[in-house]
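Hi everyone, thanks for making the time. I'd like to walk you through one structure and talk about how its pieces are put together.

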Amino acid sequence: MQVPPFSLSEQISALGTDLDEAVLNVLRSGQYIGGQEVGKFETAFANSVGASHAVSCNSGTDALILALRALDIGKGDEVITASFSFFATAEAISSVGAKPVLVDIDPKNYLIDLEQIELAITSASKAIIPVHLFGCPVNMDKLMTIAKKHNLKVIEDCAQSAGSKWNERFVGAWGDIGCFSFFPTKNLGAAGDAGAVITNDLKLAKRMRELAIHGMPRRYLHSEIGYNSRMDAIQAAVLNIKLPKLSQWISKRQLIAAKYHDELKGIDAIKLPQKTKEYKVFNSWNQYVIRVSSDSLESKDISINSMDGSFSSSARDQLKDDLAKNGINTIIYYPIPIHLQPAYKSLGYRNGSLPITEKICAEVLSLPIFPELSLDQQNFVCKTLQRTLSGNRNS
Ligand SMILES: *Cc1c(COP(=O)(O)O)cnc(C)c1O
């Protein structure tokens, strides 16, 4: 049996002619950028997350950039975020001329360590970007309290967490601005690049809308330097077909995560992502990330590749290989922490700067999870893990 880490083919066939027709209609309409489908999606998406405004754009990365610009964050400013994320989170901060201040994570949920945020605040701090990584929501009650106390803006990176909630409220609707990606592998995926920002502040919405169209409040009047970051009508048409399915897809992801948890919880050699015991956590499980782990921080097993700086542990790599030999393909999100990326050499971080993040990079492995993953495939993943790891233990 082959188990891919992610697949769209079943979803595309299930959507069938609805999807085909939506795309063909756009093709035939001749309205390729902006227009009716885009407007319809913005309204539907804002409603779906309980925000007053949604502004579409070209990608999740652009969504972050538009949010930072709309809050007047730039040169001389610092923005606090987690080092354990996709690179774009920090890249967006640098793109507007500000400095990313990277902090460590809580190993239990892979999310920004709320205790570390206050230690990172300086007089130059302007905003916090909590990343709801892998679909797991950050504790937004605590985060908003910290932000208010220090008068910091909050931009939520919801790229991996469309449909996640903290304490009954959707992520993205807590802070000043929420940023979403519709990259094909996210919970709500377009057929290419697309993104959106949400906010309850009309002024911010208006500013982001203008920034996404060359800083242009009306045709050929440019009030500031902006971007070309519009959503294509074809992407909006695809998203309009998919958005009504999002909550049922998330339910399926949650069932798969629950099954993984039940079947794998007895295996000593791995640590599972925290089960949603806390009622405030509504995890959309964009990824199911286990750790092949030892408890000590100074594990002898961890090594750094001298060629590319990626972290690994022989136990994790062994498991990845064993699964691959059985047709189960897993992914490592993320092998190199942002603070040690070559692009960020100038920030001055070193090995050991953020020890939890570094250790986690060496230990994580993302198991296959997507709504159409069949029960047979789920069982096969669990059985193979059980067999492989009990084999290791006996030897
Ligand atoms: C995917 C992702 C982004 C960037 O989104 P794009 O649409 O690919 O530009 C930003 N942050 C996180 C955490 C992501 O996973």
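I'll go through the sheets and then the helices that pack around them.

Before that, one caution: what you see is a predicted model.

Let's begin with the seven-stranded sheet. It is open, its strands come in the order β1-β11-β10-β7-β6-β2-β3, and the pairing is mixed. At the edges sit β1, residues 53-57, and β3, each pairing on one side only. On average, neighbouring strands in this sheet are turned by 25 degrees against each other, if you ignore direction.

Now, what lies on this sheet? Helix α2 does, touching β1, β10 (177-181) and β11 (195-199), and the direction of α2 makes about 130 degrees with that of β1. Helix α7, residues 202-211, also lies across β1, β10 and β11. The angle for α7 is about 15 degrees to β1.

Over at the β3 edge, let me ask you something: how many of the five residues of strand β3 are buried? The answer is four, so to speak a mostly covered strand, spanning residues 99-103. The partner of β3 is strand β2, residues 78-82, and the two pair in the parallel sense over five bridges. If you want a place to look, find V79, which stands opposite P100 in β3.

Back to α2, residues 36-49, since this helix has a helical neighbour too. In general, two packed helices are described by the angle between their axes and the distance between the axes. For α2 and α8, which covers residues 233-242, those values are about 45 degrees and 8 Å. Angles of 65 to 115 degrees would count as roughly perpendicular and those under 35 as roughly parallel, so α2 and α8 are oblique to each other. The crossing of α2 past α8 is left-handed.

Who is touching whom there? On the α2 side we have E37, V38, K40 and F41, and they meet A233, A236, A237, L239 and N240 in α8. By character, the residues of this contact split into six nonpolar, one polar and two charged.

Last stop: a second open sheet, this one with three strands in the order β9-β8-β13 and antiparallel pairing. Here β9 (169-170) and β13 (281-282) are the edge strands, each pairing on one side only. Strand β8, residues 165-166, is joined to β13 by two bridges, and these strands run antiparallel. Within that pair, W166 stands opposite V281 in β13.

That's my tour; happy to take questions.

Methods:
Residues are numbered from 1 along each chain as its sequence is written. This is a predicted model: local features need pLDDT of at least 70, side-chain atom pairs count only at pLDDT 80 or more; totals for chains, interfaces and linings use all residues. Side-chain values use heavy atoms; hydrogens and water are left out. Axes are lines fitted to C-alpha atoms, for helices over the stretch in contact, and angles run from 0 to 180 degrees between N-to-C directions. Angles under 35 degrees count as roughly parallel, over 145 as roughly antiparallel, 65 to 115 as roughly perpendicular and the rest as oblique. A crossing is left-handed if the near helix is turned anticlockwise from the far one by less than a right angle, and right-handed if clockwise. Contact means heavy atoms within 4.5 Å. Ala, Val, Leu, Ile, Met, Phe, Trp, Tyr, Cys and Pro count as nonpolar, Asp, Glu, Lys and Arg as charged, and the others, Gly among them, as polar. Two strands pair if DSSP finds at least two bridges between them. Buried means under 20% relative accessible area, exposed over 50%, partly exposed in between (1.4 Å probe, protein chains only).
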